Amino acid sequence: MGRFFALIGAMTGLFLVKGGSLAFYLALLLAFFLALGLAISSKRLKPFLLGLAIGGLVALGYHFLPVGEGPFRGVVIKTGENYFLLSGIGSRYYVYAANHSYQVGDFLTAEGYASELRITSYESRFDFAAYLSNYGVKAEISGAKISENFLFPLRIKPRRDAVFSSLSPSAYSAVLAIFFNSKDYDSSLIASADELNLLFVLSSSGFLYGGVVRLLSKPFAAISKKAQRIAEISIASLLIPFAIGKIGAIRVYLCLLIKGNRRFSDYLSRLSFVGLLLLAIDFHFAYQSGYLLGFLIAFLFCFSRPFFSSFSSKGRKWGGKLLLFSLTIPSGIYFATGGFHLLSPLYATLLSPLVLLIYLLSLFSFFLFPLTGPLDWVGSALEWILANFNKVNPTIPLPPISSAGILFYYLLLIICFMLLEFGLSHKSAFIGTSFLVIYLLSLLPLQGYVCSSVAFINVGQGDSILLVHHGKALLVDTGGSLSFDMASEVLLPYFRKRRVYSLEALALTHADFDHSGAKESLLASFPVKQVLDSPADFPFYLDDLRIDNLNDYGVAGENESSLVLSFSLGGDDYLLMGDATSDIEERIIADHPDLSCDILKVGHHGSDTSSSKSFLLALRPEVAVISVGAANSYGHPDESVIRRLEGIGAEIRRTDMEGTIAFTYFAV
């Protein structure tokens with residue numbers, strides 16, 4: 001048990017330093033005191049505190065290490081089709097390299113300029129910048145010239161391309177995902193799996209890796225246990241290079257290597273040692289979902305054994321499946337951006353044999369003889385099955401779950417199992433039922449009645465602003481994207497997060513795509529009572545909140561005719577400038593000499609065509625919000641605008657740096 005508490009202490013220390021939202025810290029403190037109490041009662045306080053101290057100090061030390069200057073040397077620890085992550089001494093870097101051939105284990109030198117990560121993110125969508133942060137990436141290297149110091153001897157990609165490139169698109173995508181742990185998100189097969197929240201099934205997971213090892217080594221049991229053990233290690237070692245990027249597979253492999261060692265006689269001891277060993281190799285594993293979810297499931301299955309021991313063999317089997325389902329609920333909601341797929345667990349179970357078959361066929365093809373025909377057939381069958389599953393895909397549109405919510409959920413499960421172990425089943429049932437009731441109540445739109453808010457939604461290079469007042473909502477602009485549906489992937493998940501289930505109106509400042517590109521999709525998929533896109537539609541009342549348009553001059557041009565909306569909420573005066581030009585700004589301050597503004601939505605994303613010096617001096621806003629995409633091609637916001645805003649003492653807030661920016665007012 002000492003290793004287990006050392007691991008829990010190390011994880012707690014690492015997360016305390018990494019930080020997060022206030023809610024996450026509160027959940028983490030709850031976890032800390034729970035673990036502390038268990039450590040004291042189990043007389044394992046020393047290993048817990050030692051792990052806590054080491055974890056905290058390691059994370060703190062890495063945080064303060066400087067990025068340094070080039071050339072940057074390091075080992076490749078993660079690859080994508082057009083990038084790789086380079087781990088050097090004290091720092092890690094994101095390197096863009098189109099269609100590169102590097103793989104994990106290569107030792108490279110990158111000559112270029114290290115700069116702050118500037119990757120566009122969007123509200124509710126996959127946050128690639130946060131993903132890189134969990135790997136410990138501190139900077140990106142621009143214009144890198146790569147030198148190869150040492151290449152890992154086993155070159156997987158050339159052999160992969162030679163064997164599998166002639167497959168049909170569906171079969172090739174399946175092989176890439178399942179055997180090589182590389183997903184082609186432009187593939188229709190991967191898109192279908194994503195819609196069903198089944199991407200985790202089409203992965204080289206620890207479960208799949210361990211299952212294949214057990215399956216292939218089982219025949220050797222007829223010879224002897226020793227022969228089976230040798231076969232397990234040999235097969236596992238042969239397959240691990242193909243799953244080296246999956247923490248779950250590494251966990252299974254390391255547990256297998258130390259199995260049978262008397263110092264690790266029980267599963268809990270082995271699992272805890274492997275967890276500590278992985279953190280010693282790379283403490284950033286602690287922040288990655290593969291590590292967290294894999295070890296959490298393994299530990300909870302371990303602790304649930306006494307509870308299930310009284311069940312029949314059939315009961316234990318179904319109890320295990322029910323526990324696994326309950327453990328995957330938060331990740332199912334998280335990765336589906338709030339939509340919970342009711343049949344996803346069933347579909348995952350049904351697909352498992354087919355996924356295993358694709359893995360085995362790929363393995364045979366890679367090492368022996370290409371089975372192109374069978375793989376094409378199985379790939380087509382998989383695509384057909386996914387397409388038909390999508391026809392019956394009941395989904396509950398739940399709000400996206402936060403990291404604090406996920407942590408709290410798992411803490412609750414641990415507490416319930418502890419109570420069951422002490423024979424307090426009635427208290428366990430009470431806590432579980434209470435949590436369910438509280439969660440269901442949280443889905444009600446009570447927040448909008450208790451407080452009013454103005455949220456500048458992070459839609460990248462565009463504008464979208466949500467006003468909620470007395471339970472009613474108005475959206476100003478929709479943003480727009482040519483690469484994905486902004487309404488379904490950004491706006492609707494955010495509405496569910498804010499418990500907004502309908503809009504009183506959609507106000508469009510003007511017709512530019514980055515302001516109205518998601519209009520049609522939003523109107524087709526969400527209740528909107530009316531559209532406001534003309535000066536004649538104002539003033540508009542959101543309950544008792546009056547919203548005025550100050551640009552009714554009729555000047556030709558999209559930006560020149562952009563609506564400029566003004567309102568007061570909670571003692572703050574707001575001015576939303578749309579893309580209005582400096583000429584319109586001059587007209588507005590001339591016609592409204594007493595106009596005041598506490599919070600300004602800066603015009604045209606910080607372009608120098610707006611936010612003139614005279615306009616800003618006349619208004620002197622306390623806060624200037626710039627809605628803009630990171631590293632955008634327009635160069636927004638312009639440096640001259642930033643200097644003018646700094647000159648009047650305004651607090652500058654940007655969606656490319658902060659994400660969605662919200663102002664909340666209680667009982668107004």
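**Close-up 1. Asp485 at the N-terminal end of helix H19 in the predicted model.** Asp485 caps the N-terminal end of H19, with one of its side-chain oxygens placed 3.0 Å from the backbone nitrogen of Ala487. The helix itself covers residues 486-497, and its 12 residues reach 16 Å from the first C-alpha to the last, which is close to the 16 Å expected at 1.5 Å a residue. H19 is mostly covered, nine of its 12 residues being buried; among them are Met486, Ala487, Val490, Leu491 and Leu492, and the buried set also includes Pro493, Tyr494, Phe495 and Arg496. Just after H19, the backbone of Arg499 takes a positive phi of about 60°.

**Close-up 2. Strand S3 and its pairing with S2 and S5.** Strand S3 (residues 92-96) is largely enclosed by the rest of the structure, because four of its five residues are buried. With strand S2 (residues 83-87), S3 pairs in the antiparallel sense over five bridges, and within this pairing Arg92 of S3 is the bridge partner of Ser87. The hairpin formed by S2 and S3 has four residues between the strands, and in this hairpin Gly90 takes a positive phi near 90°. With strand S5 (residues 137-150), by contrast, S3 pairs in the parallel sense over four bridges, and here Glu140 of S5 is the bridge partner of Tyr94. In a regular strand, the side chains alternate between the two faces of the sheet.

**Close-up 3. The open sheet of six strands and its edges.** The order of this open sheet is S12-S11-S10-S9-S8-S20, and its pairing is mixed. Strand S12 (531-532) and strand S20 (661-666) stand at the edges, and each has a single partner strand, so one side of each is left without a neighbour in the sheet. S12 runs parallel to strand S11 (residues 505-507), the two being joined by two bridges, and Ala507 stands opposite Leu532 in S12.

**Close-up 4. Polar contacts of the Asn549 side chain.** Asn549 is found in strand S14, which covers residues 545-549. With a relative accessible area of 11%, Asn549 falls below the 20% limit and therefore counts as buried. Its side chain reaches two backbone atoms: the oxygen of Asn551 at 3.0 Å, and the nitrogen of Val564 at 2.9 Å.

**Close-up 5. The nonpolar surface patch that includes Leu368.** Leu238, Phe364, Phe367, Leu368 and Phe369 together make a nonpolar surface patch of about 510 Å². Within this group, Leu368 has its place in the loop between helix H14 (344-367) and helix H15 (372-391). The relative accessibility of Leu368 is 59%, which is over the 50% limit, and Leu368 therefore counts as exposed.

**Close-up 6. Ser42 in the loop between helices H2 and H3.** Ser42 lies between helix H2 (22-41) and helix H3 (45-64), in the loop that connects them. Its relative accessible area of 29% lies between the limits for buried and exposed residues, so Ser42 is classed as partly exposed. Although Ser42 and Phe5 are 37 residues apart in sequence, their C-alpha atoms are 9.5 Å apart in space.

Definitions and conventions. Residues numbered from 1 in each chain as written. Predicted model: local features only at pLDDT ≥ 70, side-chain atom pairs only at ≥ 80, totals over all residues. Heavy atoms only, no water. Patch = residues over 30% accessible without salt bridge, like charges linked within 9 Å, V, L, I, M, F, W, Y side chains within 5 Å. Areas by Shrake-Rupley, 256 points an atom, 1.4 Å probe, with all protein chains shown as cover. Salt bridge = Lys/Arg side-chain N within 4 Å of Asp/Glu carboxyl O. Buried < 20%, exposed > 50% of the residue type's maximum accessible area, 1.4 Å probe, protein only. Expected span 1.5 Å × (residues − 1). Polar contact = N/O pair within 3.5 Å; in protein donor to acceptor, adjacent residues only side chain to side chain. Pairing = 2+ DSSP bridges.
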